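Biologist: I'd like to learn how to read burial and packing in a model. Can we go through one together?

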Amino acid sequence: MTHEKDFFVRLALDRGAFQLNLDMALPGSGITVLFGPSGSGKTTVLRCVAGLERPGRGLIRLGSEVWQDDSKGVFRPTWKRDIGYVFQEASLFDHLNVRSNLHFGVRRAAKSGAVEALEQAIELLGIDHLMNRQVSGLSGGERQRIAIARALATQPRLLLLDEPLASLDAARRQEILPWLEKMRDELRIPMLYVTHSTDEMARLADHLVVLFNGAVMADGPASEVLSRADSPVMVGEDAGVLLAGTVSRRDEQWQLSEITTAGGSIWVDDAHLGVGRRVRLRVLARDVGIALQSDREQTTRNQLLGIVESIHDDLRPSQFLIRIRCADSIMLARISKKAVSDSAIGIGSEIQVRLQSVAVIA
Amino acid sequence: MNADAVSAIRLTIELAALTTLVLLIIATPLAWWLSQTASRWRAPIGALVTLPLVLPPTVFGFYLLVSMGPLGPVGQLTQFLGLGTLTFTFTGLLIGSVIVSLPFAVQPIQHAFESIGSRPMEVAFTLRAHPVDAFFSVALPLAWPGILTAAILTFAHTVGEFGVVLMLGGNIPGQTRVISTQIYGHVEAMEFEQAHWLAAGMVVFSFVVLLVLALLRKRVDRVVA
């Protein structure tokens with residue numbers, strides 16, 4: 001996957017109470033998550049990229065295609081932008097059946113390979129059995145999968161997703177997330193994904209942009225942005241890091257899998273993942289315990305060796321957020337100030353890091 | 001049924017059908033504009049369209065009579081074009097009916113467009129549909145219950161129209177004498193039996209129209225829910 005920055009979004013918008021001012025250079029591949037609380041301007045950014053809203057001043061360029069450049073008076077209307085857009089609530093056309101909904105964009109995009117693209121989208125989202133159904137009889141999850149397939153089938157150069165799971169209940173969300181992960185892994189279409197859910201962000205983001213009050217607070221590769229300890233407020237209680245790794249061994253007897261990461265090897269519940277499979281681990285700061293190395297000699301499973309890089313104030317006044325370097329990766333640990341003081345841990349201390357809970361998220 | 005009655009019924013249906021056709025063509029774009037625009041002209045134009053709901057038809061009939069008459073501006077124009085005057089003709093009657101039935105056509109269609117909201121059109125745009133394409137392929141099909149309601153209401157209202165018809169059309173058999181004026185004529189002539197037949201027919205017709213509308217609304221509600 002290349003991380004070349006060839007997608008530029010520069011927007012300035014002033015609506016009195018709400019102001020948006022940002023300048024982003026984004027990778028032209030993978031999933032870029034726009035993350036932030038409601039009212040931070042995420043959806044407005046997406047609508048501007050789609051041309052559904054026109055900011056005061058803007059520049060939107062994807063590769064060699066300029067969709068908007070107000071300094072040159074360029075504004076391409078939505079229907080001439082090569083995008084797919086998935087709205088928050090399923091937005092299927094009620095007067096058409098599933099098949100006609102899917103054909104709506106394909107016919108108008110009029111691209112070569114349309115039949116194959118449509119078939120691929122139908123297969124990728126697993127909606128083949130719904131093709132002749134009326135829209136009104138479908139569940140929320142089915143509707144959203146069809147809406148995603150409809151957008152994909154036009155073979156867009158960019159896929160925009162506006163909280164596509166927000167209107168679904170938790171079970172439906174878990175039903176759709178795997179499809180989105182599959183899309184990320186199998187398609188080469190870059191995606192701009194808006195969400196305020198840390199779970200979705202952690203599972204999907206390759207690149208992460210954190211928005212707050214219409215401005216960019218952090219922008220970079222997801223694992224890097226998440227391991228910054230200076231702005232835990234971004235993710236609140238869910239502060240934690242992402243680790244990329246590979247399944248290196250399976251322990252059938254105890255139903256465990258060993259994941260090799262840049263920070264060391266970590267054992268997780270066996271998720272029936274094949275050896276060699278690349279996975280993503282999420283370790284929340286509150287699930288990380290630390291101890292000075294001399295305290296305990298033997299290393300057990302899920303203990304890594306690390307060095308304290310920095311110590312930051314956390315959300316709660318009783319706690320520190322500690323940034324630890326473990327080999328080539330970063331861990332965050334949320335530890336009470338008293339514990340840190342009692343064990344005389346400071347910057348540069350060599351410590352043992354215990355991972356009490358690790359989630360395999362992809 | 002005598003020949004006069006048959007002629008009046010035929011004329012009434014012709015007038016109502018043509019009025020409905022013309023009004024759907026005029027009211028649909030007008031309703032779309034009213035439902036979408038943020039223009040400061042929206043309120044005054046909306047009020048103008050609604051005017052026939054509150055004014056007695058005789059007021060419209062009077063103004064139309066004056067303006068289409070030989071000395072009125074419309075009358076001058078039609079004479080200049082070699083069309084003569086439109087007063088006391090079927091065409092004149094049609095114009096009058098279109099104007100007084102305007103709110104019955106515009107309002108249901110406007111409400112239908114408003115209840116669709118902007119989202120379906122935005123979705124269509126993101127699927128490469130040009131606005132004109134999106135209007136015909138998305139907005140219009142989604143608004144069909146409103147359009148159907150408008151057509152039925154316009155037809156029924158034209159059938160029941162009396163004031164404008166009398167002011168503008170006179171009461172010329174075979175040309176401008178419709179059911180409502182025919183009944184009036186019978187009553188004036190003390191022909192109560194004929195009046196009874198036509199009047200009862202109108203009651204039954206109007207009841208059926210309102211029943212159909214109610215059933216239609218129920219069906220639409222079910223589809224939407």
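Biologist: Which residues in helix H7 of chain B are buried?

Modeller: Buried means 20 or more other C-beta atoms within 10 Å of a residue's own, exposed means 12 or fewer, partly exposed lies in between, and C-beta atoms are placed from the backbone. In H7 (131-142; helices are DSSP runs of H or I, at least four residues, numbered from the N terminus), they're B:Ala134, B:Val138, B:Ala139 and B:Leu142. This is a predicted model, where local features need pLDDT of at least 70, side-chain atom pairs count only at 80 or more, and totals for chains, interfaces and linings use all residues. Residues are numbered from 1 along each chain as its sequence is written, with chains lettered from A and ligands numbered from 1 in the order written.

Biologist: Why are those four on the same side of H7(B)?

Modeller: Because they cover an arc of only 85° around the axis, taken from the directions from the helix axis to the C-beta atoms. The face turned away carries exposed B:Val132 and B:Phe136.

Biologist: What do the buried residues of H7(B) pack against?

Modeller: Contact means C-beta atoms, placed from the backbone, within 7 Å. Here the partners are helices H5 (90-116) and H6 (119-126) of chain B.

Biologist: And the loop between H5 and H6 of chain B: which residue could we look at there?

Modeller: Try B:Ser118, which sits in that loop. B:Ser118 is exposed because it has 11 other C-beta atoms within 10 Å. From B:Met167, B:Ser118 is 49 residues away in sequence and 43 Å in space, C-alpha to C-alpha.

How values were computed: Helices (H or I, at least four residues) and strands (E, at least two) are DSSP runs, numbered from the N terminus. Two residues are in contact if their C-beta atoms, placed from the backbone, lie within 7 Å.
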